[in-house]
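Reader: Before I accept labels such as buried, exposed or antiparallel, I would like each of them to be argued from a value and a cut-off. Could we go through them in that way?

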Amino acid sequence: MNQPKPTRVGPSVPVILVRGLRKRCPACGQGKLFHRWFSIAEQCPRCGLKFERIEGHWIGSVGMNTIITFGLVLIALIVSLLLFINSDIPQWYVAIGLGILALTIPPLIDPFTRTFWTAIDIAMRPLEATEVDWTVVDPDAVGVNSAAGPMNSADGNTPGP
Ligand SMILES: [Zn+2]
């Protein structure tokens, strides 16, 4: 059978990821999603995307936050070893500095890891037909709000002559 390749509907993966990195809705680019630093809206006020796409969604952002923090603390440790190995600066200064980093980085990057993790999730599991308002997310995706769903309407499987 000559099955056409499924076409991705909605923004491209790079666009989705950059929006996530900028603390914006990965689907439509809407900003101001946080009521407070740690408190993201339940869904996007513009396109209606529910950010917690599945139960346990935020575990991914916590994991990403942990990995980034460990990476940055490790880099800081290596840099301080290189800089201070032969200096008179007491080692516990370095230890305290690294401890402060380990405590301050996670809350600072929390909102960014939330939207970025949601972006990665959308890149891996594309938006479904009923998940967002497609007139906002991708006005060219004609018919995705119909019963056919984005994949069926986009890959040419609609009944023809
Ligand atoms: Zn949105």
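Author: Let us begin with a cut-off: a residue is called exposed if 12 or fewer other C-beta atoms lie within 10 Å of its own, and buried if 20 or more do. Please keep in mind throughout that this is a predicted model.

Reader: Why is R125 called exposed?

Author: R125 has 10 C-beta neighbours inside 10 Å, and since the limit for exposed is 12 or fewer, R125 counts as exposed. The residue is found in the loop between α3 and α4, and its C-alpha atom is 9.9 Å from that of R53, although the two are 72 residues apart in sequence.

Reader: What makes K32 exposed, and what makes K23 partly exposed?

Author: K32 has 11 C-beta neighbours inside 10 Å, which is within the limit of 12 or fewer, so the label exposed follows. K23 has 17 other C-beta atoms within 10 Å, a count that lies between the two limits, and therefore K23 is partly exposed. Both belong to the loop between α1 and β1, as stated for K23 and for K32.

Reader: What is particular about the backbone of K23 and of K32?

Author: The phi of K23 is positive, at about 65 degrees, although K23 is not a glycine. K32, likewise a residue other than glycine, has a positive phi near 50 degrees.

Reader: How do you know that F112 and L77 are to be called partly exposed?

Author: For F112 the count is 17 other C-beta atoms within 10 Å, and for L77 it is 15; each count lies between the limits for exposed and buried, so partly exposed is the label in both cases. F112 lies in helix α3 and, not counting residues up to four places away in sequence, touches L21 and K23. Its C-alpha atom is separated by 9.9 Å from that of R19, a residue 93 places away along the chain. L77, for its part, is found in helix α2, and its C-alpha atom is 9.3 Å from that of G97, with their positions 20 residues apart in sequence.

Reader: Why are α1 and α3 called roughly antiparallel?

Author: The axes of helix α1, residues 13-21, and α3 come within 7 Å and cross at roughly 165 degrees. Angles over 145 degrees count as roughly antiparallel, and the two helices are therefore given that name. The crossing of α1 past α3 is right-handed. On the side of α1 the contact is made by V13, I16, L17, R19, G20 and L21, and on the side of α3 by F112, T115, F116, T118, A119, I122 and A123. Sorted by class, this contact has 9 nonpolar, 3 polar and 1 charged residues.

Reader: What values describe the packing of α2 against α3?

Author: Helix α2, residues 58-84, packs with α3 at an angle of about 145 degrees, and the axes are 7 Å apart. α2 also passes α3 in a right-handed crossing. The residues of this contact divide into 17 nonpolar, 7 polar and 3 charged.

Reader: What makes a group of residues the largest nonpolar core here, and which residues have the most contacts inside it?

Author: A nonpolar core is made of buried residues of the nonpolar kinds, joined through C-beta atoms within 7 Å, and the largest such set has 18 residues. Those with the most contacts inside this core are C25, A27, C44, C47, L49, V132 and V137. The elements that give two or more residues to the core are α3, residues 91-124, and α4, residues 134-137, and the largest share, 4 residues, comes from α3. Leaving aside neighbours within four places in sequence, C47 is in contact with C25, A27, C28, Q30, V132, D133, V136 and V137.

Reader: How do these pieces fit into the chain, and how much of the chain is buried?

Author: The protein chain has 5 helices and 2 strands, which follow the pattern α-β-β-α-α-α-α along the sequence. Of its 161 residues, 22% count as buried. Among contacts in the chain with a separation of 6 or more, 61% are accounted for by residues 24 or more positions apart.

Note on methods
Residues are numbered from 1 along each chain as its sequence is written. This is a predicted model: local features need pLDDT of at least 70, side-chain atom pairs count only at pLDDT 80 or more; totals for chains, interfaces and linings use all residues. Two residues are in contact if their C-beta atoms, placed from the backbone, lie within 7 Å. Axes are lines fitted to C-alpha atoms, for helices over the stretch in contact, and angles run from 0 to 180 degrees between N-to-C directions. Angles under 35 degrees count as roughly parallel, over 145 as roughly antiparallel, 65 to 115 as roughly perpendicular and the rest as oblique. A crossing is left-handed if the near helix is turned anticlockwise from the far one by less than a right angle, and right-handed if clockwise. Ala, Val, Leu, Ile, Met, Phe, Trp, Tyr, Cys and Pro count as nonpolar, Asp, Glu, Lys and Arg as charged, and the others, Gly among them, as polar.
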